[in-house]
Amino acid sequence: MAVKVVAVCACTVGIAHTYMAQKAIEEECARRGFDYKVETQGGMGIDNELDEDEIADADYALLAIDVGIEGDERFDDKRDEGKCLTVGSADVIADAKKVIDELIAL
């Protein structure tokens, strides 16, 4: 069964880094054959919003964020399970492989 990852990307301005981080996560997860969904919170609002069931069903949650996000409390259960990693958007853009390795090592 494939590993399921949910992620949220949000940078301070909500434009470039948000979508660069999304692309990096999607490409790395696809390369590994993972199931994934990436929500973005940026200048255009929330896109591809994760619902409670998608988060609950995921093996891991990755928050590639530089600012507070709307709905942060949705990830409390994953945090309690030790299955939520928070990094800056630049970290995942620079080395998505390393960040995903860190995530699945939780």
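Biologist: Does D72 count as buried, partly exposed or exposed?

Modeller: The structure is a predicted model, and its relative accessibility for D72 is 28%. Buried requires a value under 20% and exposed a value over 50%. The value for D72 lies in between, so the residue counts as partly exposed.

Biologist: Where in the chain is D72 found, and which residues does D72 touch beyond four places in sequence?

Modeller: D72 belongs to the loop between β4 and α3, the latter covering residues 76-80. Its C-alpha atom is 9.6 Å from that of V8, a residue 64 positions away along the chain. Once residues up to four places away are set aside, the residues that D72 touches are L63 and R79.

Biologist: How many helices and strands does the protein chain have, and in what order do they run?

Modeller: The protein chain contains five helices and five strands. Read from the N terminus, the order of these elements is β-α-β-β-α-β-α-β-α-α.

Biologist: What radius of gyration does the protein chain have, and how does the value relate to that of a compact globule?

Modeller: The C-alpha trace spans about 35 × 25 × 20 Å along its principal axes. For 106 residues, a compact globule would have a radius of gyration near 13 Å. The value for the protein chain agrees with this expectation, being 12 Å.

Biologist: What share of the contacts with a separation of 6 or more joins residues 24 or more positions apart?

Modeller: Among the residues of the chain, 41% of the 106 are buried. Of the contacts with a separation of 6 or more, the share that joins residues 24 or more positions apart is 62%.

Biologist: What distance separates the centres of the positive and negative side chains?

Modeller: The accessible surface of the protein chain is about 5500 Å², with 50% of it belonging to carbon and sulfur atoms. As for charge, there are 11 positive and 25 negative side chains. The centres of these two sets are separated by 7 Å.

Biologist: Why can the buried residues of α5 be said to line one face of the helix?

Modeller: Helix α5 covers residues 96-104, and its buried residues are A96, V99, I100 and L103. Viewed down the helix axis, these residues line one face because they fall within an arc of 95°.

Biologist: Which elements do the buried residues of α5 pack against?

Modeller: The residues concerned are A96, V99, I100 and L103. Their partners include both strands and helices. The elements are β1 (4-10), α1 (16-32), β4 (60-65), β5 (84-87) and α4 (89-94).

Biologist: Is A105, in the segment after α5, buried or exposed?

Modeller: The C-alpha atom of A105 is 20 Å from that of Q22, with their positions 83 residues apart in sequence. The relative accessibility of A105 is 62%. Since the cut-off for exposed is over 50%, A105 counts as exposed.

Biologist: K78 carries a charged side chain; is the residue buried or exposed, and which residues is K78 in contact with beyond four places in sequence?

Modeller: K78 is part of helix α3, and its relative accessibility of 4% makes it buried. Its C-alpha atom lies 6.8 Å from that of A61, 17 residues away in sequence. Apart from neighbours within four places, the contacts of K78 are I55, A56, A58, A61, K83 and C84.

Biologist: What relative accessibility does C11 have?

Modeller: C11 is placed in the loop between β1 and α1. Beyond four places in sequence, C11 touches H17, T18, Q41, D66, V67 and S89. The C-alpha atoms of C11 and A21, ten residues apart, are 9.0 Å from each other. C11 counts as buried, with a relative accessibility of 6%.

Biologist: Which value of phi does N48 have?

Modeller: N48 sits in the loop between β3 (45-47) and α2 (52-57). The residue is partly exposed, with a relative accessible area of 42%. Although N48 is not a glycine, its phi is positive, at about 60°.

Note on methods. Residues numbered from 1 in each chain as written. Predicted model: local features only at pLDDT ≥ 70, side-chain atom pairs only at ≥ 80, totals over all residues. Heavy atoms only, no water. Helix = DSSP H or I, 4+ residues; strand = E, 2+ residues; numbered from the N terminus. Rg over C-alpha atoms; globule rule 2.2 N^0.38 Å. Buried < 20%, exposed > 50% of the residue type's maximum accessible area, 1.4 Å probe, protein only. Contact = heavy atoms within 4.5 Å. Areas by Shrake-Rupley, 256 points an atom, 1.4 Å probe, with all protein chains shown as cover. Lys, Arg positive; Asp, Glu negative; His and termini not counted. Charge placed at Lys NZ, Arg CZ, Asp CG, Glu CD. Arc of directions from axis to C-beta.
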